[in-house]
Amino acid sequence: MNININGEAVETSTPDILSLVRARNLDPSSLVVEHNHTIIQQAAWADTLLQQGDTIELLSFVGGG
Amino acid sequence: MEDQLTLGGRNFSSRLLTGTGKFASHTLIGPMLAASGSQIITVALRRVDPKAPPQDNILSHIPDTVTLLPNTSGARTAREAVRIAHIAREAGCGDFVKIEVITDMQYLLPDNHETLKATEILAKEGCIVLPYVMPDITISHQLYDAGAAAVMPLGSPIGSNLGLEMKPMIQRIIETSRLPVIVDAGTALWSNHQPVCPPLYLRLLFQPLHLLRVQCGYRLSQNPADHE
């Protein structure tokens, strides 16, 4: 299926957000995930299934002023 | 008597706000906070770059006793700032937010109009809003009416190290605003290729000094705690 991750069109076969995070080798402890403009808490990543056309934002806190 | 400051109903004994940008290592943040006594620290939210080397979680280096002040940097409109603020709050950063709406990409100057709009929305939602603005007494009054918890006029353009180019305007805000005034950005001043301690420098310039947010003076050192 095709989804949009951080503004880029991506083809993926990962079924849910947790699989997506693992497939991308991202550190869950510092990650904020937005699925179709809704923040998904980490405990719900495995239950949040991805569908064609979904929009995902993968964000993290960084240093700033 | 202890010098207490109240922001958004919370009391603070330090008037120094610190930033987290460009530290050589996140491990320096804890010692910097301990040495400075700062009780409020800014962080930013960014899209993850899958090509960048993995970074440890910056929030894990900030003690629970320190109030997080996520900024909305990257926002160019009030709507974008509100969205970033919502994400930060839902991600567990608390109710404090520094509104930063920048439309001038040459000197990174804030857009006061969009900042005011974002402040109105977020203050109504119960956020403790600290807006970063061009120094202007009218906007400071409007931000008070909009429910801001403080006003954050810039001392000079971000990262310019020009010191307090805006001193007369900031002084006038201090004299007229009903909000705490946090001098932000460009406050570093250099002498003999070393940053002059900004808090001391600003105390000499402003009486009374409300608050100060610094980044450069601490982050430029290999060991920011040395600036105590």
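What span should the 13 residues of helix 3 of chain B have at 1.5 Å a residue, and how far apart are its end C-alpha atoms? In this predicted model, the expected span is 18 Å and the end C-alpha atoms of helix 3 of chain B are 18 Å apart, so the two values agree. At the start of this helix, a side-chain oxygen of B:D111 comes to within 3.0 Å of the backbone nitrogen of B:H113, and just after the helix B:G126 adopts a positive phi of about 100°. The buried residues of helix 3 of chain B include B:N112, B:E114, B:T115 and B:L116, as well as B:A118, B:T119, B:L122 and B:A123. Packed against the buried residues of this helix are helix 2, strand 6, strand 8 (109–110), strand 9 (128–133) and helix 4 (137–146) of chain B.

Helix 3 of chain B also contributes to the largest nonpolar core, which comprises 33 residues and in which A:F61, B:I41, B:I62, B:I99 and B:L122 have the most contacts. At least two residues of this core are supplied by each of strand 5 (55–63) of chain A and, from chain B, helix 1 (29–36), strand 4 (40–47), helix 2 (78–93), strand 6 (96–99) and helix 3 (112–124). Helix 2 of chain B provides the largest share, eight residues. In soluble globular proteins, nonpolar side chains tend to be buried together. When neighbours within four places in sequence are left aside, the contacts of B:I41 include B:T18, B:G19, B:T20, B:I29, B:M32 and B:L33, and among them are also B:I62, B:V66, B:T67, B:L68 and B:L69. A second, separate core of 31 residues includes B:I139, B:I170, B:I173 and B:I182.

One aromatic pair is found over all chains. The ring centres of B:F12 and B:F96 are 6.1 Å apart and the ring planes stand at 90°, so the pair is classed as edge-to-face. Because B:F12 belongs to strand 2 (residues 10–12) of chain B and B:F96 to strand 6 of chain B, the pair ties together parts that are 84 residues apart in sequence. Both B:F12 and B:F96 are buried.

Chain B as a whole contains seven helices and 14 strands, and 54% of its 228 residues count as buried. Among contacts in chain B between residues at least 6 apart in sequence, 64% join residues at least 24 apart. The accessible surface of chain B amounts to about 10,600 Å², with 51% belonging to carbon and sulfur atoms.

Conventions. Residues numbered from 1 in each chain as written. Chains lettered and ligands numbered in written order. Predicted model: local features only at pLDDT ≥ 70, side-chain atom pairs only at ≥ 80, totals over all residues. Heavy atoms only, no water. Core = buried A, V, L, I, M, F, W, Y, C linked by side-chain atoms within 4.5 Å. Buried < 20%, exposed > 50% of the residue type's maximum accessible area, 1.4 Å probe, protein only. Helix = DSSP H or I, 4+ residues; strand = E, 2+ residues; numbered from the N terminus. Contact = heavy atoms within 4.5 Å. Areas by Shrake-Rupley, 256 points an atom, 1.4 Å probe, with all protein chains shown as cover. Expected span 1.5 Å × (residues − 1). Polar contact = N/O pair within 3.5 Å; in protein donor to acceptor, adjacent residues only side chain to side chain. Phe/Tyr/Trp six-rings, centres within 6.5 Å; stacked < 30°, edge-to-face > 60°.
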